[in-house]
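Please look over the chain displayed below before reading on. The report that follows describes its sheets, its barrel and its ligand site in turn.

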Amino acid sequence: MKNSKYSAMWLEYHKVSDLETRYSLKVEGFSRDDRIITSAAHELSLGLKKMTGIELILSDAAEGSRSLTIKKDLSVRPEGYILKGDGENVQILASDERGALYGAFALLRAVACGRDVSAIDESASPSNPLRMMNHWDNMDGSIERGYSGESFFFENDDMIIDDRTRAYARFMASIAINGVVINNVNVKGAATYLITDRFFAKVKELSEIFADYGIRLYLSLNFAAPIELGGLEGCDPLDEKVIGWWKDKIREVYDNLPDFGGFLVKADSEGRPGPFTYGRTQADGANMLADIIKPYGGIIIWRCFVYNCTQDWRDTKTDRARAGYDYFKPQDGDYHENVILQIKNGPMDFQIREPVSPLLGGLHKTNQMLEVQVAQEYTGHQIDLCYLIPLYKEVLDFHTCSGEERDTVADYVSGRTMGNTLGGMAAVINTGNDFNWTGDDLAAANTYGFGRLAYDTTLTAEQIAREWIAQTFALDREHEDILADMLLRSREVYEKYTCPLGIGWMVYPNTHYGPSVDGYEYSRWGTYHRADHLGIGVDRSDKGTGYAQQYYPENADRYNDPKTCPEELLLFFHHIPYTWKLSTGKTLIQHIYDSHFEGYDEAEDLAKAWDSLKDVIPQESFDRVKERFDLQLDNAREWRDQVNSYFYRKSGIEDEKGRTIY
Ligand code: GCV
């Protein structure tokens, strides 16, 4: 149901000083009437007034007063900005409107973070060309893997455009998001009709609001649209009739939505239609659409989440982790220049820890984009605290060892390694129409952090956490330290009480919250831990499924041998006896017990730390989060006791510390 009340999240603009001075706002080199410049000017007026009391006079005429100038400077990199203050006057320099808008938000951020901006000297430009949010919103208003209420884009198979739409666009612009896919990648029912007359007017209206904030609108596409909308018998990408249908359709789309960004496609994945049905490759499908959309400047973002989801659990040779690479690597170099392959960070599915997908950088002749999940599907449903920026950082900083000088994932997806211009980062977003947008107020740190990191991959998880805290809660240093520490520890805490050592899954089927050790063990999803009375883990070495060999040799060798495999991923790559000695000297089984006991205790510490912030966090916000910590502790307790009991019963090995196991 529609909910028009909402919080200001990190754009609260808390008061930091009371200057009551006037500045004239000047615009040089840009058109004052430009839609994005207008947004920048509006935001600066609002933010500075609220935070500092400064009144911006939107005119060049206010002689004598100090000035804030948005100025065009072609030497600044695209979408970048320079902030310069001479002690009196401040300038935002940019070569394009987006850069000016991001500069405006950066100035406001600096003020919110308590910096003296009168002599500011700062510059930035995006690490990634594309910085996108993917909504998994359905047209009936539900959100696939949504934990924050209903969709604010859709309801009853129709679109919603209201105040929230603009508020959302402001949030996204403030973290430099430049593309948004509004509908779920599983395109069904009414969503297939988003590319028809039925919705063009509303999609256009929405895209105009986005355009005010430098955001391009994209849609997820139903590969079977030629059948469902066009009445054709099939959707073979090499069939002339199908190609003709798409040509007409895409012309119609651009006639109605001239600034449309392009399509995101989930094909041949979890029951969605795709080229495999016709014996074609993923490249055949992607290239067909890309060629048609190219004259309009559009792009095709093609997801690599293709695997067999009807596996027989008895089959130990088939390995879901291998699937992406096996399907997509053979066509590396065949994808046309306006295709981007969107690759999930790990080879499985957004677990709390997985190795980096070997496709990232494994492809070296194809545009690629990193997909991460901000929505906490397997990471606590925005009930359990789990700050995910450290996870994204690990992925970006991962050395593929491809032999290139620039060999990290960040290098590949940014285009730095291959010199390509299409690539970047996309996140499955965690927003909904809850008052606080993200269910858990603290989960907004992930939304915020994703955008900041995608814009500047050199930022640290701590810097981002502190920026977010300052803007959201404006805490003093002592309390900021407490909250920053909570965020920074939270992912490891979650990992400890759920599934450490890279094993993953063990989660309640379908909902993906709470423990169910064998929940996915005898299923069709390719998600097994293979535990028996002697040990646990999946052998993905050269003696097992051979997945480790999909990496470049240095990494392949490291992962292949349990003695050199990073311990946090040990059970992802190897089947290990319970009596195996880890580097700490503990046995594997003792590590499992200890980790779960510690994880629960540390979750309690997090909850206590939150209690210590009671007097400095707004009451409603405090209460909402507190309720979640209560639930998190229940969850952690279940995980601890179920996992420990399960492995005690399997192995028959006592806990050295004699704690209660059931
Ligand atoms: C949108 C996982 C999720 C699905 C999701 C899918 C995907 O399987 O559980 O809800 O579907 O990933 O990324 O396409």
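Which residue in β11 does V180 stand opposite? In this predicted model, the residue that V180 faces in β11 is L217. The pair belongs to the register between strand β10, residues 179–181, and β11, and these two strands pair in the parallel sense over three bridges.

**The barrel**

The strands β10 and β11 are members of a barrel that eight strands close in the order β7-β10-β11-β12-β13-β14-β15-β16, with parallel pairing. From one strand to the next, the twist averages 25°. Going on from β11, which covers residues 216–221, four bridges lead to strand β12, residues 262–265, and the two run parallel; within this pairing, Y218 has G262 of β12 as its bridge partner. On β12 there is also a pairing with strand β13, residues 299–303, again in the parallel sense and over four bridges, and here F263 stands opposite I300 of β13.

**The open sheet**

A second assembly is an open sheet, in which six strands follow the order β2-β1-β3-β5-β4-β6 with mixed pairing. Its edges are formed by β2 (55–57) and β6 (121–124), each of which pairs on one side only. Averaged over this sheet and with direction ignored, neighbouring strands are turned by 15° against each other. As a general point, strands of a sheet pair through backbone hydrogen bonds, either parallel or antiparallel.

Strand β4, residues 81–85, is joined by four bridges to strand β5, residues 90–94, in an antiparallel arrangement, and four bridges likewise join β4 to β6, again antiparallel. The residue I82 illustrates both pairings, having L93 as its bridge partner in β5 and S123 as its bridge partner in β6. Further along, G85 is bridged to V90 of β5. The hairpin of β4 and β5 has four residues between the strands, and in this hairpin G87 takes a positive phi near 100°.

Helix α2, residues 97–112, lies across β3 (66–72), β4, β5 and β6, and runs at about 45° to β4.

**The ligand site**

The ligand is surrounded by 14 residues, of which the closest are E144, K266, R303, K344 and E377. By class, this shell consists of three nonpolar, three polar and eight charged residues. Three acidic side chains each place an N or O atom at a short listed distance from an oxygen atom of the ligand, as the table sets out.

| Side chain | Distance from its N or O atom to a ligand oxygen atom |
|---|---|
| E144 | 2.4 Å |
| E377 | 2.6 Å |
| D349 | 3.2 Å |

How much of the 330 Å² that the ligand exposes when taken alone does the protein bury? The buried share is 96% of that area.

**Summary of the picture**

Taken together, the model combines a closed barrel of eight strands with parallel pairing and an open sheet of six strands with mixed pairing, the latter having α2 lying across β3, β4, β5 and β6. The ligand, for its part, has a shell in which eight residues are charged, and E144 and E377 are among the closest of its surrounding residues.

Definitions and conventions. Residues numbered from 1 in each chain as written. Predicted model: local features only at pLDDT ≥ 70, side-chain atom pairs only at ≥ 80, totals over all residues. Heavy atoms only, no water. Near = heavy atom within 4 Å. Polar contact = N/O pair within 3.5 Å; in protein donor to acceptor, adjacent residues only side chain to side chain. Areas by Shrake-Rupley, 256 points an atom, 1.4 Å probe, with all protein chains shown as cover. Nonpolar A, V, L, I, M, F, W, Y, C, P; charged D, E, K, R; others polar. Pairing = 2+ DSSP bridges. Axes fitted to C-alpha atoms, helices over the stretch in contact; angles between N-to-C directions. Contact = heavy atoms within 4.5 Å.
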